[in-house]
Structures are given as C-alpha cells and as structure tokens.
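Me: I'd like to go through this model with you and ask how each label is earned. Could you show it first?

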Amino acid sequence: MESLQHLYLSKTGIKEIPSSFKHMISLITLKLDGTPIKELPLSIKDKVCLEYLTLHGTPIKALPELPPSLRFLTTHDCASLETVISIINISSLWFRRDFTNCFKLDQKPLVAAMHLKIQSGEETPHGTIQMVLLGSEIPEWFGDKGIGSSLTIQLPSNCHLLKGIAFCLVFLLPLPSQDMPCEVDDDSYVHVYFDCHVKSKNGESDGGDEIVFGSQERRALLYLLETCDSDHMFLHYELGLVNHLRKYSGNEVTFKFYHEVYNQGRKLGHEIRKPFKLKNCGVYLHFDENLPADTDLP
C-alpha cells in the first residue's frame, strides 16, 4: 500500500475508507464520487502527495483538515455538506470551488474568506479565484450591483492603482430551454463570456463605445450548468483584466455577459453569443495603494 498512487472507487458501494488507508503515503489520486461515504478519516491531512480528490455526489457532511498539496477537489451535488472551513487556506484550490447543489452549506464563511483572500494580495493559481454557490444575494462587498445581464459603472480617478476585478453573477435556474442556442445534454457545457465597453468622458466616442476587452475564449468565465432547480451565483476574480482598464480612470464602463453552448469541445449550432438572462450581477474593484503606476499584471 505504501507504493499505491491512484485509487479509483467512484460509484462503488464502499461506505467507509479501509484501515489500510493510513499506509497509503504515496497516494496522489483518490476518487470517491458517487459513493455512500459520509466522512473522511482524519489521517487524510497527512497524505502529503495527495493532489486529486473527488467527492461529488456523496452524502459527506463535513470536510476534515486536508493536505496543502491538494490541487483538485470536487464537491458539487453533496446535498448533506454543511461545513468546508478546512479548505479555505489551501491556496491551490482557489481556482475553482464548485458547490453546486450543496443545499445545506454555510456559504458566509466562504464568501468572507474569498474577500479576505483578494484583499491579502496573495498569489493564486493562474491569478484567478472562482467559486459557485447556492443563493441569489450578491455579497455586500460588491459595491456596484445591477439587475439583468449588464452593469454600467463609473470608474474612479485612481484606476492606476487597480489590481484586480471580481464579478458576481446570479443565474436564474433552471435555465429555460428556449434561452439556449441548442439543446443541452449531458455532454454539453456553457461558456459565460463578457465584454467591457468604455465610453469617453464626454459621453462620446468615435464609431460608438470602445470595446476594451472581451468576447475572447481566454477571457471566458467558465461555468458548468449542472441540473439545478434553484438560483446559484458564480464569483470570479482575476488579475490580468485590469491592465485594459487602468488607463480609463473617470470613464463610464459597461460589462455585458453572454453565453454559448459547447458539446465535446465543439460549438453547437450557428448562433452568435446571446445575452445571458441573469437575475442580477455585481462588480468589485480591488485597489492596491502600493502598486506602481506602470505595473502590468499577469
């Protein structure tokens, strides 16, 4: 067991981790999704090689302390999950935390932890933080909020100190089928894109508003639409986007959100990206008073 690196138990009837687990010191992958397992052994925190852990679709109620080596964790569709405080400080997990259909989860500590993580200025994988949670109330720290699939804000005069930007999108779910460019099946997923339009300070611009960035797949806000019966919100923070905005201090900008359906890596149908019907959305601008004016962020 000391040499075992990958253990695949997905969709088996296993109800608890065997006692031999303590000897699996080389374990890198542990797949438990779709099993009736309700708890993990406390010794999992000692698995210093563990990088991949799948728990989605299990009746697990709480996560114990997990090893800092963990890079990939799935927790969606854990209907009994209540607390996940143990994963807040695992920096490598901030890139994608999906708590879709985790109906009992206390989300306030997670939202607060995300805000603190942003304010701390600590590095995150790919310079990005993403989280999907049940709910429809945009956190208070999002200063600019709007109804629908677009939001217009006035940029402050100190955009040269802008370090990052966060979005909160509240989806109306289940999504009506008529809003999709084509039929969505089990192999389909949805990309959520956004454009940023800038208007000149005098309210005019040559040939209309200038599109500063957006409509690029590399700028996509990725969101996997699972089978959801209630509203969910998607929180996304990114560093690199602000390089495009820092020169527009004092301007009015409009963020517009779109969707496009893919199937097995290919776009379906011939529809152009369509506005996503959101319940509401929010924008948070993160400033760093110590940031040099000529700094380009990754």
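Me: Which residues touch the most other members of the largest nonpolar core?

Reply: Happy to start there, with the reminder that this is a predicted model. Leu-53, Leu-63, Leu-66 and Phe-99 have the most fellow members in touch, in a core of 48 residues. Helix H1, S6, S9 and S13 are the elements that give two or more residues to this core. H1 makes the largest contribution, with five residues.

Me: What makes Phe-99 a residue in contact with Met-131?

Reply: A contact needs heavy atoms within 4.5 Å. Phe-99 is in contact with Met-131, and also with Val-132, Leu-133 and Leu-134. Its other partners beyond four places in sequence are Thr-75, Leu-81, Val-84, Ile-87, Leu-105 and Leu-110.

Me: Which residues are among those of the other core, the one of 26 residues?

Reply: Leu-151, Leu-155, Leu-169 and Cys-196 are among them, and this core lies apart from the one that holds Phe-99. Two cores are kept separate because membership requires buried nonpolar residues joined through side-chain atoms within 4.5 Å.

Me: Why is Asn-101 called buried?

Reply: The cut-off for buried is under 20% relative accessible area. Asn-101 has 6%, so it counts as buried. This residue sits in the loop between S5 and H1, and its phi is positive, near 60°, although Asn-101 is not a glycine.

Me: And Lys-11, buried or exposed?

Reply: Exposed means over 50%, and Lys-11 has a relative accessible area of 71%, so it is exposed. Lys-11 too is a residue other than glycine with a positive phi, about 60°. Its place is the loop between strand S1 (6–8) and strand S2 (29–31).

Me: How do you know that the length of H1 is close to what is expected?

Reply: The expected span is 1.5 Å times one less than the number of residues. H1 has 13 residues, for which 18 Å is expected, and the distance from its first C-alpha to its last is 18 Å. Just after the helix, Gly-121 has a positive phi of about 75°.

Me: Which residues of H1 are buried, and what covers them?

Reply: The buried ones are Leu-110, Val-111, Ala-113, Met-114, His-115, Lys-117 and Ile-118. Their cover includes S5, S6, S9, S13 and S17. H1 (residues 108–120) lies across those strands, and runs at about 165° to S6 (128–134).

Me: What is the order of the strands in the open sheet, and why do S5 and S7 stand at the edges?

Reply: The order is S5-S6-S13-S9-S17-S7, six strands with mixed pairing. S5 (97–98) and S7 (144–147) each have a single partner strand, so one side of each lacks a neighbour in the sheet.

Me: What makes S9 and S13 a pair?

Reply: Pairing calls for at least two bridges, and S9 (residues 162–171) and S13 (residues 232–238) share seven, in the antiparallel sense. Phe-171 stands opposite His-232 in S13.

Me: Finally, how much of the protein is buried, and how many helices and strands are there?

Reply: Of its 298 residues, 49% count as buried. The protein has one helix and 17 strands. Among contacts between residues at least 6 apart in sequence, 62% join residues at least 24 apart. The exposed area is about 14800 Å², with carbon and sulfur atoms supplying 49% of it.

Key:
Residues are numbered from 1 along each chain as its sequence is written. This is a predicted model: local features need pLDDT of at least 70, side-chain atom pairs count only at pLDDT 80 or more; totals for chains, interfaces and linings use all residues. Side-chain values use heavy atoms; hydrogens and water are left out. Helices (H or I, at least four residues) and strands (E, at least two) are DSSP runs, numbered from the N terminus. Axes are lines fitted to C-alpha atoms, for helices over the stretch in contact, and angles run from 0 to 180 degrees between N-to-C directions. Buried means under 20% relative accessible area, exposed over 50%, partly exposed in between (1.4 Å probe, protein chains only). Accessible areas come from the Shrake-Rupley method with a 1.4 Å probe; for residues, only the protein chains shown count as cover.
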